[in-house]
Amino acid sequence: MIKKTNNKNTISNFRSISLLGAFSKIYEKIIKNQLSSVLKNLLSPFVSAYRECYSAQHVLIRLIEEWKENLDNNHVGGVLMDLSKAFDCIPHDLLIAKLQAYGFQESVIMFIYSYLSNRKQCVRINNTSSSFKDIVSGVPQGSILGPFLFNLFINDLFYFIEKASLHNFADDNTITTFANSCAEVKNILENESDMAVQWFNKNEMIVNADKFKAIIITKNVTSNVPI
């Protein structure tokens, strides 16, 4: 496990990392390359993490251009949403169900299920290790296929956001919209954020509401808006 913040006395500040052999990662890379062509046709163009020719800059540029285009005649706003331990929360059965819904072949689905199943983990401090526990959810952090599977899992969130734009980078999601008045912008953002939170809850993701931020921008004023 690696420490995320300086406080080493709180268990929530640690993240588990899978220690995988070199041969395992080579094999994962081959599988990912074979599936990448399929992934291009499935993923929303607004999923920007862990993809070739995509980056965090894509999210920023799209947001800035979208806001610039609409700011002359409208108010624009956005809600920045964050998740906790997103990679560790993915339920395996639901992920497999989504692979089936996307039309993956049964052999691929069985391979992914085998890849996720029968994994164990323990905690080691200096020379002392805990007993091993079964991993019943999540994708391996530090793996090649983990981010690939995470993108597939979160992709259908885009089908539930109807009156705003959604921009995703890993576990960070930004909902943005524009309207003729601040009140209308706020109303849309509240409704779409509520829809996103419902999706996260139903998909067993942990919403980190303390890190949510909202902003509304006009020609002359930029204001933080409480959610």
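Contact here means that heavy atoms lie within 4.5 Å. The model is a predicted one, in which local features need pLDDT of at least 70 and side-chain atom pairs count only at pLDDT 80 or more, while totals for chains, interfaces and linings use all residues. Residues are numbered from 1 along each chain as its sequence is written, and side-chain values use heavy atoms, with hydrogens and water left out.

**Exercise 1.** Describe the surroundings of Arg-51, and state whether Arg-51 is buried or exposed.

*Solution.* Begin with its place, which is the loop between helix H1 (22-42) and helix H2 (56-71), where helices are DSSP runs of H or I with at least four residues, numbered from the N terminus. Next, leaving aside neighbours within four places in sequence, Arg-51 touches Lys-40, Leu-43, Ser-44, Pro-45 and Asn-151. Finally, Arg-51 is buried, a term for under 20% relative accessible area, with exposed meaning over 50% and partly exposed in between (1.4 Å probe, protein chains only). Arg-51 has no salt bridge (a side-chain nitrogen of Lys or Arg within 4 Å of a carboxyl oxygen of Asp or Glu), and the nearest side chain of opposite charge, Glu-52, is 9.5 Å away.

**Exercise 2.** Find which residues have the most contacts inside the largest nonpolar core.

*Solution.* A nonpolar core is a set of buried Ala, Val, Leu, Ile, Met, Phe, Trp, Tyr and Cys residues joined through side-chain atoms within 4.5 Å. The largest one has 45 residues, and Leu-149, Ile-175, Phe-200 and Met-205 have the most contacts inside it. Its largest share, seven residues, comes from helix H6 (residues 145-154). Apart from this core lies another, of six residues, including Val-59 and Ile-217.

Terms used: Helix = DSSP H or I, 4+ residues; strand = E, 2+ residues; numbered from the N terminus. Lys, Arg positive; Asp, Glu negative; His and termini not counted.
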